[in-house]
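Grab your viewer and try these short exercises on charge pairs and burial. Each one comes with a worked solution.

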Amino acid sequence: MRHQLDALSAARDQTEKLLHVVLEITSDLELDATLDRIVEAAMELTGARYGALAVRADDGRLVSFIHHGMDADTVAGIGDLPVGKGLLSIPLDDTPALRLTELGDHSHAAGFPKNHPPMHAFLGVPITIRGVVFGSLYITHDQPNRAFSESDEVSARVLASAAAAAIDNAQLFDRVRTTARWMQASREISTALLSGNEPLKAPMRIIADRACELTGAEQAIVLVPANPDGPDGEVTTLVVSTAVGIHADEVVGQHIPVNGSTSGGVFLSGEPVITESFRHPIQAFTDVGQRPAIAMPLAAEGSVLGVIVVARHKGDAPFDDSYLDLVSDFAGHAAIAMALAAGRERERELTVLADRERIAHDLHDHVIQRLFAAGLDLQGSVARSRSPEVNARLTRTIDDLQSTIETIRSTIFELQSPLAASTTFRQRLEKLINDLTGDRDLVTAVHFSGPLGAVGDIVAENAEAVTAEAISNAVRHSGASRLDISVTVADNFALEVHDNGRGIPAANDRASGLANMHRRAEVLGGVCDIGPGADGGTRVQWTVPLIGE
C-alpha cells in the first residue's frame, strides 16, 4: 500500500507540474519565447539534463534547433548546430514517442561531434499542428544509470499536445502582427511617394529597407529598367538603382541583362519567384553561392515598373509560400504608389506647360502689341519734332522698345518650344556634349549608367553647368586628343570627365571656373575632385547625393 500511495503521490505531483508548465507555455504569444519554454518545461517535467526542439520544414528538412542544458563554452566548443543526421533524421510522424535506455544503441545513432557532452537515455516526441508535424521535442539524461519512465513519456506526449496549441496560437499571432507590419510599411511607402517632398530615390530606399527588415533578409535591392523612357518591349537591361544591407555600395549601379537572368524573368513575366540560386549572379549580392531569396515584380496597372529582390544569409531558413502574399501585396502597394506619384508628376508638368502656353499667348497678344503701338507713336513724334536732341532721345527709346520686343519674342519661343517640356536630362547632356565637342578634332567617349530619370531638377541643373565647364576647359586649354565622359546614377550622382591633355598647372587649381565646380558640389553636399588622371591629363570627379534633394 505504501508503494501504491507513493506512486499515486508521484503521479499527482507530476500532474500538478504538467498543469503548471502547460499554463506557463501558453502564457506568451511570442513564438521564439514559446519554443524556449516548451524545451524548459520538458526538462522540468522529466528531470532531464538536456532538451531540444527541432523545427522542420514541410519537406522534413531541419530549419531550426532550439536547445537548453549546455553552457555557452560547451556550445562554442561543439561548433555548428545539428543539421538533422543520426537520431534527428528519424521522422516521428507515425509514432507517438521514441524512448531509449541508451541512445548509442539505436541503429541510427551516428555518435557525437568533438567536445559534445555525454548523453544516454533518450526520449523524443513529435509536435503535430493541424495534422502536420511542426517539429520534434527531445530530452536526454547525462547519467548512464537513469532512464525515462512510461510516466515521463506520457507527460512528454501531453506536453507536446499542449505545445502544439501554444505554437499554433503564437504562429497565428505572429502572422497577424506580420501582416500589420507589412501594411504599415505599405502606408509609409505611399506617404513618402505621394507627399511630393522627396525625390524618387528616397521612397525606393524605403521600399528596400522595409522589405529587408520584414523578411529577415541580409540584403535587398530594387532593379529598374536602364532606359525607363522606353516601352516594356524594348527593355533589355535592368540596373540596380537601390540597395540596402551589406555591400550596398558595391551592388548599386550594376547592369543585369533581362534575358537569361532570374530578375529579368520576373520583370518580363510579372510573376514572383522563390529561389536559392540566380541564373545571372550579381556581384556582392547573389555571387556568394546558393542563398534563400525572393524576387517580386513592382507591377501596377498592367505594367512592371521594376523588381525587388531580398536575400537571406546562406545559412538561414528558405522562404516559404506564406511570404508570397505578403511581399506581393507590399510590392503591389508600392508600385501603385509609384505609378500615382509618376502620374501626379506628369499632371504637374502638364499644368506647368499650360501656364507657359498661357503666358506666351498673353505676352504676344497684349504686351508685344502695346509695346509695338507705343513704338509707332514715338516714331510719329520723331517725324513731327524739330529738336535734334529730342529726336535722338526718342530714337534711342524706340530702339530700346524694339530690343525689348525681340527679347519677349525669344522668351515666347522658349516657352512654346517642345524641347522645354519633353527633353530628358540624358538628352540635354547628350546635346550639350555634342555641341561642345562635335566640331573638334577630339575623340569623345560617353558612358551613361543608372536611372537618369531619377535625377531631380536641382542636381540636373548644376550637373549640366559642371559638365559644360569641364568639357570647355578640356577643349580649349588641354590640347587633348581624347575625352572620356562618364555619368553614373546610383545612391549618388557621379560625373567624371577625363582628358589625355597636358593637365592643369598647379597655380590654376582654384581658377574661377574650377572654383565654381567645387562650389556647386559643396552647396549640394557633395565633393569635387580635380587632379591628374591615372594615365596623364586631367580628371574631374564631381559627386553629389540624390537623396534629400
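**Exercise 1.** Find how the side chains of R426 and E430 meet, and say how far apart the two residues are in helix α11.

*Solution.* Start with the contact: in this predicted model, R426 and E430 form a salt bridge at 3.2 Å, N to O. That passes the cut-off, which is 4 Å. Now look at the spacing: the two are 4 residues apart in helix α11 (residues 425–437), so about one helical turn separates them. Last, check the cover: R426 is partly exposed at 37% relative accessible area, and E430 is partly exposed at 37% too.

**Exercise 2.** Work out which parts of the chain the salt bridge between R99 and E153 ties together.

*Solution.* First the distance: the closest N and O atoms of R99 and E153 are 2.8 Å apart. Next, place the partners: R99 sits in strand β3 (residues 98–100) and E153 in helix α4 (residues 150–194), so the bridge links parts 54 residues apart in sequence. Then compare accessibility: R99 is partly exposed at 36%, while E153 is buried at 13%. Finally, widen the view: R99, E153 and R157 are joined into one network by salt bridges that share partners.

**Exercise 3.** Decide whether D58 is buried or exposed, and name the charge of its surface patch.

*Solution.* Locate D58 in the loop between β1 (50–56) and β2 (62–68). Its relative accessibility is 80%, so D58 counts as exposed. Then pick out its companions: D58 gathers with D320, D321, D325 and D329 in a surface patch of negative charge.

Terms used: Residues numbered from 1 in each chain as written. Predicted model: local features only at pLDDT ≥ 70, side-chain atom pairs only at ≥ 80, totals over all residues. Heavy atoms only, no water. Patch = residues over 30% accessible without salt bridge, like charges linked within 9 Å, V, L, I, M, F, W, Y side chains within 5 Å. Areas by Shrake-Rupley, 256 points an atom, 1.4 Å probe, with all protein chains shown as cover. Lys, Arg positive; Asp, Glu negative; His and termini not counted. Charge placed at Lys NZ, Arg CZ, Asp CG, Glu CD. Buried < 20%, exposed > 50% of the residue type's maximum accessible area, 1.4 Å probe, protein only.
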